[in-house]
Amino acid sequence: MAAEDPSVSGVSGRYATALFELARDEQSVDQVRADLDKFEAMLNESADLKRLVRSPVFAADAQLKALTAVLDKAGIAGTSAKFLKVLTANRRLFAIADVIRAYRALVAKFKGEATAEVTVAEQLSDKNLDALKAALKSVTGKDVALNVKVDPSIIGGLVVKLGSRMVDSSLRTKLNSIKNAMKEAG
């Protein structure tokens with residue numbers, strides 16, 4: 001399956017494919033995705049956890065011991081916890097962000113979903129998220145999972161990446177195009 005999907009290649013693709021196949025066999029695909037989402041959120045919120053994951057300075061045993069404590073506290077157990085420990089033991093925990101991304105792509109393909117990367121200037125309301133999902137579903141014909149990222153530097157509007165397509169309706173891009181047009185005219 002990984003060979004068919006260019007977004008899941010390399011070391012992270014192999015690990016994600018192995019995890020996906022195991023989760024599918026155990027019928028725990030959604031639970032593993034939820035656990036990985038929780039771990040990713042913790043990673044984004046904690047500089048110390050990022051350092052633990054990315055730094056080659058930590059010995060494998062120390063990294064494993066610390067990770068085990070973090071997973072226990074977060075309530076991440078079962079296949080997800082075992083997988084993260086295997087990554088740690090194999091000194092591949094630094095690739096976890098790519099593994100999570102590849103795992104999500106495999107799950108989306110398995111469920112017939114599409115995943116859109118959406119960048120907004122400020123957090124969207126549930127009503128706006130539902131409207132965006134509906135609009136993307138009408139375009140793709142598939143259910144669309146949204147990965148929403150807030151980036152105030154786009155000023156307003158949104159940027160949507162869906163597969164190989166990208167729609168940039170951000171205010172920053174529009175202002176830059178006006179600025180360039182004015183330079184050419186002047």
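**View 1. Exposed and buried faces of helix H7 in the predicted model.** Asp126, Lys127 and Ser138 are exposed (over 50% relative accessible area, 1.4 Å probe, protein chains only) on the other side of H7 from Leu129, Leu132 and Leu136, which are its buried residues (under 20%). These buried residues cover an arc of only 65° around the axis, taken from the directions to the C-beta atoms, and therefore lie on the same side of H7. The buried residues of H7 pack against E1, E2 and E3, contact meaning heavy atoms within 4.5 Å. This is a predicted model, in which local features need pLDDT of at least 70 and side-chain atom pairs count only at pLDDT 80 or more, whereas totals for chains, interfaces and linings use all residues. Residues are numbered from 1 along each chain as its sequence is written, and side-chain values use heavy atoms, with hydrogens and water left out.

**View 2. Span and end of helix H7.** Helix H7 comprises 15 residues, 126–140, and reaches 21 Å from its first C-alpha to its last, close to the 21 Å expected at 1.5 Å a residue. Just after H7, Gly141 takes a positive phi of about 80°.

**View 3. The largest pocket.** The largest pocket holds about 1100 Å³ of space, a pocket being an open set of points on a 1 Å grid where a 1.4 Å probe fits, with protein on both sides within 12 Å along at least five of seven lines, and lining residues having an atom within 4 Å of a point. Of its 36 lining residues, Arg101, Arg104, Thr115, Glu117 and Asn147 are the closest to the centre. Helix H6 (96–111) gives the largest share of the lining, 8 residues.

Terms used
Grid points are joined across faces, edges and corners, and a volume is the space filled by probe spheres set on the points. Helices (H or I, at least four residues) and strands (E, at least two) are DSSP runs, numbered from the N terminus. The expected span of a helix is 1.5 Å times one less than its number of residues.
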